[in-house]
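This report covers selected features of one protein model. The sequence and structure come first, followed by notes grouped by element.

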Amino acid sequence: IEHTGGAEPSEAAVPPGGNVESVELTTDNSTFPPIPREGVAPTSINADQGQDWSSIPLVNCYPANSLVGQFVSYAQKQIETAKILILAAVLPLLSILLGRRVYVCWGDQFIYPNPMVSLIAPSGARKTQIINVVLWFINHLVPESLLADTTSHERLVESLAEQPERVMIFPEGNGLMDLVNRSPDLTTDFIRLADCNSISTDFKSNRHKSDDGTTTCRVTAKNPFFTVLFGIVPEGMRISNKNLTNGFLGRFMIFFATQTDHDILIPPPSMDTERKQLLDEFAKLKTLHGEMHLSNQAQAAFVVINADNRERLRKNPPEVIASNLNRLPFMIIKVAMLYQIAIDRNLEITLEALRFAQNLVELQHIHYCRFTGLLQRDKAARLQNRILSTLERFGGHMTWSKLHNRVSTHGECDATTFRAALEMLAARDLITLRPNPDAENPDVELKKETDGTTGTPAPTTSPTGPGNNRGVPRAPAEVQGAV
């Protein structure tokens, strides 16, 4: 695919006419990468050894002359949210209006246009503003599709069994992340629902008569359609190691923004007429149905896209990157379906719609790579800090197994990451690993420190945050690789 931006400046690839102003957060515990306002990644990231997509202008990522373009234009005049987040947020709105009524056949299987979208931005970046705009349209068009603000595996199954086409919207997604980290069943639900597969539960309180007259406790949500939109601050997006690699996170389209797109300092004018026009156009999508297919040109281009994806996977990217990478071709089809419907409500996907979709999906993959790299870095830093503070609380000496049990939380630390953290702390000369003849693994001992003047040990109650002599050093603002 051709795209602009051959040069690779040290800070940002600047699209022609694009606004690439970027602000780095300077707080010690910030996990937020400096993604420019217009959605372009600030540095060249080739974590999966594919093309450098980091300089894609956002204008090349969606059809401006379409319902998507009209929505983006309307929202930008009403709210300050970054354009990249506005564009991402409209996808679940289009999705829930179409449901399972439109699809692409892939052999004997079906691809439905149900992206799961995460908007990651710091407080004050107006994530909630665009989510509220989307909620307004959903409440006026398909209010019955909205799921409750909190859920569980059992409740999700029952809700989808009653009403199979659902949208889950979380303006603050911290609670959702806590839920999936604690509930393997809920995580499995999201993985299955991303492909619109049935889910079920077998709970005693659900005892009822089945269709054949037998008594059963099983409740099954058949033929579901599920799309997701949630906003979250970067530090709230804490994912367990298992959910990084089991396909949960890789099924999400992740979009970053560092700040608002523009300032609105006085109340914007009412655009009730424009909003009503948008509402009417969105309502027309509820009547569409049928099989969508790629045009001849789009199909030829998709063969190249798919072949390139296979080649990138053969280069063995990190598992967490491959989790998203191997789903890019089908993400592209899903977004292309939405774009084509937004352009002319035609069931044939044109090359134009496919190219716009490819650009957007590859851009989100850049954001995904950046996010997972920072997530891994910050998780390692938190784990090392936790090990040091735990050792201090227990007198500076613990067995391997006791220390592991004390620092593990919700699967965030398995045996491999724990060992790697200890090896890093030992390399930094902060701990000693002493052989224990009665155990398979060595004991862990906190090294004595001197204050640099008297040679006496430093207090063991000193804080372990960034800047302290025992704390994990503050990581640089830029990370060149994802993991």
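## Helix 2

Directly after helix 2 comes Gly 99, with a positive phi near 60°. The model is predicted: local features need pLDDT of at least 70, side-chain atom pairs count only at pLDDT 80 or more, and totals for chains, interfaces and linings use all residues. Residues are numbered from 1 along each chain as its sequence is written, and side-chain values use heavy atoms, with hydrogens and water left out. Helices (H or I, at least four residues) and strands (E, at least two) are DSSP runs, numbered from the N terminus.

Helix 2 has 16 residues, which at 1.5 Å a residue should span 22 Å (1.5 Å times one less than the number of residues). Its end C-alpha atoms are 24 Å apart, which agrees. Of its 16 residues, 16 are buried (under 20% relative accessible area; exposed is over 50%, partly exposed in between; 1.4 Å probe, protein chains only).

## Nonpolar cores

A nonpolar core is a set of buried Ala, Val, Leu, Ile, Met, Phe, Trp, Tyr and Cys residues joined through side-chain atoms within 4.5 Å. The largest one holds 82 residues, and Phe 71, Ile 130, Phe 137, Phe 282 and Tyr 339 touch the most other members. Helix 2 (residues 83-98) gives the most to this core, with 13 residues.

Leaving aside residues up to four places away in sequence, Phe 282 touches (heavy atoms within 4.5 Å) Leu 67, Phe 71, Val 90, Leu 93, Leu 94, Leu 97, Phe 137 and Leu 141. A second, separate core has 37 residues, including Val 157, Val 228, Ile 239 and Phe 252.

## A mixed sheet and its helices

An open sheet of 4 strands has the order 2-1-11-12 and mixed pairing (strands pair if DSSP finds at least two bridges between them). Strand 2 (109-111) and strand 12 (348-349) are the edge strands, each pairing on one side only. Strand 11 (residues 290-294) pairs with strand 12 in the parallel sense over 2 bridges. Leu 294 stands opposite Ile 349 in strand 12.

Helix 9 (residues 296-314) lies across strand 1 (102-106), strand 11 and strand 12, at about 70° to strand 11. Axes are lines fitted to C-alpha atoms, for helices over the stretch in contact, and angles run from 0 to 180 degrees between N-to-C directions. Helix 11 (residues 328-344) also packs on the sheet, touching strand 1, strand 2, strand 11 and strand 12, and its direction makes about 145° with that of strand 1.

## Positive phi outside glycine

Cys 196 is not a glycine, yet its phi is positive, about 60°. Cys 196 sits in the loop between helix 6 (184-193) and strand 5 (199-202) and counts as buried at 6% relative accessibility.

Asn 316 has a positive phi near 55°, in the loop between helix 9 and helix 10 (319-325). Asn 316 is exposed, with a relative accessible area of 66%.
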